[in-house]
Amino acid sequence: MSDSSYHRFLRVLRDSFLESRPVVQFVFALRFLVGALCAVRLSSGEISFAAFTGMCAWVCAVMSAYVLNGAMDVTEDRANGSRRPIASGRLPVRSALTVVRVLAGLSLLVGVLSGLWWLAIAFAVLGCAYSVPPVAAKRNSATAGLVVIAMGLTTYLAGAVSTGGRLTAAGFLFCLVMSLWMGFVGAITKDLSDVHGDAVSGRRTLAVVKGERFARFFAGAAAVALGGGAMAAAVLLQPVLLGGTVPLAAGAVWLAVRCLRPAADRRGPYRAFMVTQYAANIGMLAGLLLL
């Protein structure tokens, strides 16, 4: 391999990683770890080599799904002024799709070693359903939310399965709430800053169809309902969940306040969503470790 080919290869790898949105990749890794630790601390799971290979398989699966999404979103991303590698032209779509295939193959191959191959396939199908026609669930907030919820639950489940354990009722409750947080809050707030490009590309998101004001109200109300409901359930039923549900409830109030701000603050609600899910998952990990 010549120096120019080597440097081009490294650029493709770097740009693919950036296209996969490292901040999102890390929170998926947190979800996997929460699922694994729930199985270890609340069930009969144990951390082993299979858990490590499972994590590697999942990183490849999630990166593949997000690079694919970037390759399928070129029109709207450019209309929205995105600076990500594919939209900006730094990473050619053809190269990105090659990376998608390689990562998907690796996730399946490594998934066989950890017993997660069937979940890796399920996640790949969900990733395609979200981004690729004729399904392209991303084009409608309702279908996008359902697919995102399924991707969240699949990730938590993969973490549990990788340890040989299972999600107990308490563990499943937290994982379900955080997956609903992704679908009812994240999928809506993400679109608030992309209304123009989504309308240009023909997407029927909640912000496009009902208006940004309604979408903000919906996201804020859903956040408060999920955060308050989850903390109440933890207090009444499973105190072990307080490590994750207290940050979730506090973040839900913060997000609702951000949703009430002027429309110029279009990224604020999504930032609040991201910070809150980080805090909730990390809090849950801490609570499980101290159990």
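**View 1. C259, a buried cysteine in a predicted model.** The relative accessibility of C259 is 6%. Buried means under 20%, so C259 counts as buried. The model shown here and in every other view is predicted.

**View 2. C128, a cysteine in no disulfide.** The relative accessibility of C128 is 38%. Partly exposed covers the range between 20% and 50%, so C128 falls in that class. The structure holds zero disulfides. For C128, the nearest cysteine sulfur belongs to C60 and lies 15 Å away. A disulfide needs two cysteine sulfur atoms within 2.5 Å.

**View 3. Helix 2 and helix 3 crossing.** Helix 2 covers residues 22–42, and helix 3 covers residues 49–72. Their axes come within 10 Å. The axes cross at roughly 145°. The crossing is right-handed. Helix 2 brings V24, Q25, F28, A29, F32 and L33 to the contact. Helix 3 brings A51, G54, M55, W58, V59, V62, M63 and Y66. By class, twelve of the contact residues are nonpolar and two are polar. No charged residue takes part.

**View 4. Helix 3 from end to end.** How far apart are the end C-alpha atoms of helix 3? They are 35 Å apart. Helix 3 has 24 residues, and at 1.5 Å a residue it should span 34 Å, so the two values agree. Helix 3 is also mostly covered. Of its 24 residues, 18 are buried.

**View 5. S114 in helix 6.** Helix 6 runs over residues 93–114, and S114 is part of it. Is S114 buried or exposed? Its relative accessible area is 8%, so S114 is buried. Leaving aside neighbours within four places in sequence, S114 is in contact with A50, T53 and G54. G54 is also one of the helix 3 residues in the contact with helix 2.

**View 6. T205 in a loop between two helices.** The loop lies between helix 10 (195–200) and helix 11 (206–209). T205 has a relative accessible area of 1%. That value is under 20%, so T205 is buried. Which residues does T205 touch, not counting those up to four places away in sequence? They are R139, S141, D191 and D198. D198 lies within the range of helix 10, residues 195–200.

How values were computed
Residues numbered from 1 in each chain as written. Predicted model: local features only at pLDDT ≥ 70, side-chain atom pairs only at ≥ 80, totals over all residues. Heavy atoms only, no water. Axes fitted to C-alpha atoms, helices over the stretch in contact; angles between N-to-C directions. Helix = DSSP H or I, 4+ residues; strand = E, 2+ residues; numbered from the N terminus. Left-handed = near helix turned anticlockwise from the far one by under 90°. Contact = heavy atoms within 4.5 Å. Nonpolar A, V, L, I, M, F, W, Y, C, P; charged D, E, K, R; others polar. Expected span 1.5 Å × (residues − 1). Buried < 20%, exposed > 50% of the residue type's maximum accessible area, 1.4 Å probe, protein only.
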